[in-house]
Amino acid sequence: MRVLVFAAVLAALSAGAAVAAGSLEVVPEAPVGTTEVKIAKMKFATPEVRIKTGSTVTWTNTEALPHNVHFKPGGSVDKEVEGPMLRANQTFSVQFNTPGTYDYICTPHPFMKGKVVVE
Ligand SMILES: [Cu+2]
């Protein structure tokens, strides 16, 4: 799944710099200054974070049970982004390029909810 996400990002990048960056962009590594959201006890420990446009959020699963981060179309989300299942201590990073409110869930545990407010 991780490979598929990267392939999609590479395909998007190779489509040309003239194409505007999407509102959500999966990035391969946690950049310096990223906003961190830990996943613990079947919850997103910081369920709402506020960031500046162009900033990155990195999720880290801190427990043995696998979780992911899944944005479904709606609200400010214009295309679905389903992150890979994260095992313990694995991370997933997304850069937000457009202001708005981005709600997300964990695919296998849809009661796990979070939101990124991009200002
Ligand atoms: Cu989960």
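**Figure 1. The open sheet of five strands in the predicted model**. The strands of this open sheet follow the order E1-E8-E5-E2-E3, and their pairing is mixed. Strand E1 (24-27) and strand E3 (43-44) occupy the edges; each has a single partner strand, so one side of each is left without a neighbour in the sheet. Strands of a sheet pair through backbone hydrogen bonds, in either a parallel or an antiparallel arrangement. The individual pairings are shown in the views that follow.

**Figure 2. Pairing of strand E5 with E8 and with E2**. E5 and E8 are joined in the antiparallel sense over five bridges. Within this pair, Thr 58 stands opposite Ser 93 in E8. E2 and E5, by contrast, pair in the parallel sense, over five bridges. Here Glu 36 stands opposite Thr 58 in E5. Thr 58 therefore appears in both pairings, facing Ser 93 of E8 and Glu 36.

**Figure 3. The hairpin of E2 and E3**. E2 and E3 run antiparallel and are joined by two bridges. Ala 40 has Lys 43, in E3, as its bridge partner. Two residues lie between the strands of this hairpin, and Lys 41 takes a positive phi near 50 degrees.

**Figure 4. Surroundings of Thr 60**. Thr 60 belongs to strand E5. This residue is partly exposed, with 18 other C-beta atoms within 10 Å, whereas a buried residue would need 20 or more. When residues up to four places away in sequence are not counted, Thr 60 touches Glu 36, Lys 38, Ile 39, Asn 89 and Thr 91. Thr 60 and Ile 39 are 21 residues apart along the chain, and their C-alpha atoms are separated by 5.9 Å.

**Figure 5. The largest nonpolar core and the contacts of Trp 59**. The largest nonpolar core has 17 residues, and those with the most contacts inside it are Leu 24, Trp 59, Phe 96 and Tyr 102. Two or more residues each come from strand E2 (35-40), strand E5 (56-61), strand E8 (91-96), strand E9 (100-106) and strand E10 (109-118). E8 gives the most to this core, with three residues. Trp 59 touches Val 37, Ile 39, Val 69, Thr 91 and Phe 92, leaving aside residues up to four places away in sequence. In soluble globular proteins, nonpolar side chains tend to be buried together.

**Figure 6. The hairpin of E9 and E10**. E9 and E10 form a hairpin in which two residues lie between the strands. Their pairing is antiparallel and extends over seven bridges. Gly 100 stands opposite Val 118 in E10. Both strands are among the elements that give two or more residues to the largest nonpolar core.

**Figure 7. The chain as a whole, for orientation of the close-up views**. The secondary structure comprises one helix and ten strands. From the N terminus on, the elements run α-β-β-β-β-β-β-β-β-β-β. Of the 119 residues in the chain, 21% are buried. Among contacts between residues at least 6 apart in sequence, 60% join residues at least 24 apart.

Note on methods:
Residues numbered from 1 in each chain as written. Predicted model: local features only at pLDDT ≥ 70, side-chain atom pairs only at ≥ 80, totals over all residues. Core = buried A, V, L, I, M, F, W, Y, C linked by C-beta atoms within 7 Å. Buried ≥ 20, exposed ≤ 12 C-beta atoms within 10 Å, placed from the backbone. Helix = DSSP H or I, 4+ residues; strand = E, 2+ residues; numbered from the N terminus. Contact = placed C-beta atoms within 7 Å. Pairing = 2+ DSSP bridges.
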